[in-house]
Amino acid sequence: MKNNARTGFLERFQSILDALDEFEMDEELEELNAQLEDALFLMECSEDDVEELQGAIEEIDGLLAEYRALSERRPELRQKVLELEMAAGLAGRNLN
């Protein structure tokens, strides 16, 4: 993935994370957001290492199931979870 594409995805993911941080926090959302922040840090540090980028995207994909489950109990999160899902899908398809 080219640096500018990686930067674009990082900005999109960070924007979603910032929006998720604005919701009323409970322990579960706080933990998920912290894990997402860690995955974004890995992505940021990956430079042009495709394996590291793939690992960061896989971590985000893994968090999506937990975000979806939480959004079932907290419907106000659904739109941001959907945005995260779409961004992760695009990032995963653009790794090469």
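Helices here are DSSP runs of at least four residues, strands are runs of at least two, and both are numbered from the N terminus. Keep in mind that this is a predicted model.

**Exercise 1. Work out the fold pattern of the chain and how compact the chain is.**

Step 1: Start by counting elements. The chain has 4 helices and 0 strands.

Step 2: Now read along the sequence. The pattern comes out as α-α-α-α.

Step 3: Next, look at the radius of gyration. For this chain the value is 13 Å, and the globule rule gives 12 Å for 96 residues; the two are close, so the chain is as compact as a globular protein of that length.

Step 4: Add the dimensions. Along its principal axes, the C-alpha trace spans about 35 × 20 × 20 Å.

Step 5: Finish with burial. Of the 96 residues, 36% are buried.

**Exercise 2. Find the salt bridges of Arg74, and say whether Arg74 is buried or exposed.**

Step 1: Recall the basic idea. Side chains of opposite charge can pair when their charged atoms come close.

Step 2: Set the cut-off. A salt bridge needs a side-chain nitrogen of Lys or Arg within 4 Å of a carboxyl oxygen of Asp or Glu.

Step 3: Try Asp26. The closest N and O atoms of Arg74 and Asp26 are 3.4 Å apart, so this pair passes the 4 Å test. The two partners sit 48 residues apart and link distant parts of the chain: Arg74 is in the loop between helix 3 and helix 4 (78–93), while Asp26 is in the loop between helix 1 and helix 2.

Step 4: Try Glu76. Here the N to O distance to Arg74 is 2.9 Å, and that pair is a salt bridge too.

Step 5: Check the cover. Buried means under 20% relative accessible area. Arg74 has 12%, so Arg74 is buried. Its partners are both partly exposed, with Asp26 at 29% and Glu76 at 40%.

**Exercise 3. Find which helices are linked by the salt bridge between Arg68 and Glu85, then look at the wider set of salt bridges.**

Step 1: Get the distance. The side chains of Arg68 and Glu85 meet at 3.1 Å, N to O.

Step 2: Place the partners. Arg68 belongs to helix 3 and Glu85 to helix 4; the pair is 17 residues apart and links distant parts of the chain.

Step 3: Look at exposure. Arg68, at 33% relative accessibility, is partly exposed, and so is Glu85 at 32%.

Step 4: Look for shared partners. Arg12, Lys80 and Glu83 are joined into one network by salt bridges.

Step 5: Zoom out. Searching the whole structure turns up 7 salt bridges.

**Exercise 4. Map the negative surface patch and see which helix gives the most.**

Step 1: List some members. The patch includes Asp18, Glu22, Glu37, Glu58, Glu59 and Glu66.

Step 2: Sort by helix. Helix 1 (3–21), helix 2 (27–45) and helix 3 (50–73) each bring at least two residues to the patch.

Step 3: Pick the top contributor. That's helix 2, with 5 residues.

Step 4: Zoom in on two members. Glu59 is placed in helix 3. To join a patch, a residue needs over 30% relative accessible area and no salt bridge. Glu59 has 38%, so Glu59 clears that area cut-off and counts as partly exposed. Glu22 sits in the loop between helix 1 and helix 2, and with 69% Glu22 is exposed.

Step 5: Get a feel for the spread. Glu22 and Glu58 are 36 residues apart along the chain, and their C-alpha atoms are separated by 25 Å.

**Exercise 5. Describe where Val50 and Gly55 lie, and give their exposure and one C-alpha distance for each.**

Step 1: Place them. Val50 is in helix 3, and Gly55 is in helix 3 as well.

Step 2: Classify them. Partly exposed is the class between the buried cut-off of under 20% and the exposed cut-off of over 50%. Val50, at 28%, is therefore partly exposed, and Gly55, at 25%, lands there too.

Step 3: Go through space. Val50 and Gly89 are 39 residues apart in sequence and 16 Å apart, C-alpha to C-alpha. Gly55 and Leu42 are 13 residues apart along the chain, with 8.3 Å between their C-alpha atoms.

Key: Residues are numbered from 1 along each chain as its sequence is written. This is a predicted model: local features need pLDDT of at least 70, side-chain atom pairs count only at pLDDT 80 or more; totals for chains, interfaces and linings use all residues. Side-chain values use heavy atoms; hydrogens and water are left out. Patches are made of residues with over 30% relative accessible area and no salt bridge: like charges are joined within 9 Å, nonpolar side chains (Val, Leu, Ile, Met, Phe, Trp, Tyr) within 5 Å. Accessible areas come from the Shrake-Rupley method with a 1.4 Å probe; for residues, only the protein chains shown count as cover. Lys and Arg count as positive and Asp and Glu as negative; His and the chain ends are not counted. The place of a charge is taken as NZ of Lys, CZ of Arg, CG of Asp or CD of Glu. Buried means under 20% relative accessible area, exposed over 50%, partly exposed in between (1.4 Å probe, protein chains only). The radius of gyration is taken over C-alpha atoms; the globule rule is 2.2 Å times the number of residues to the power 0.38.
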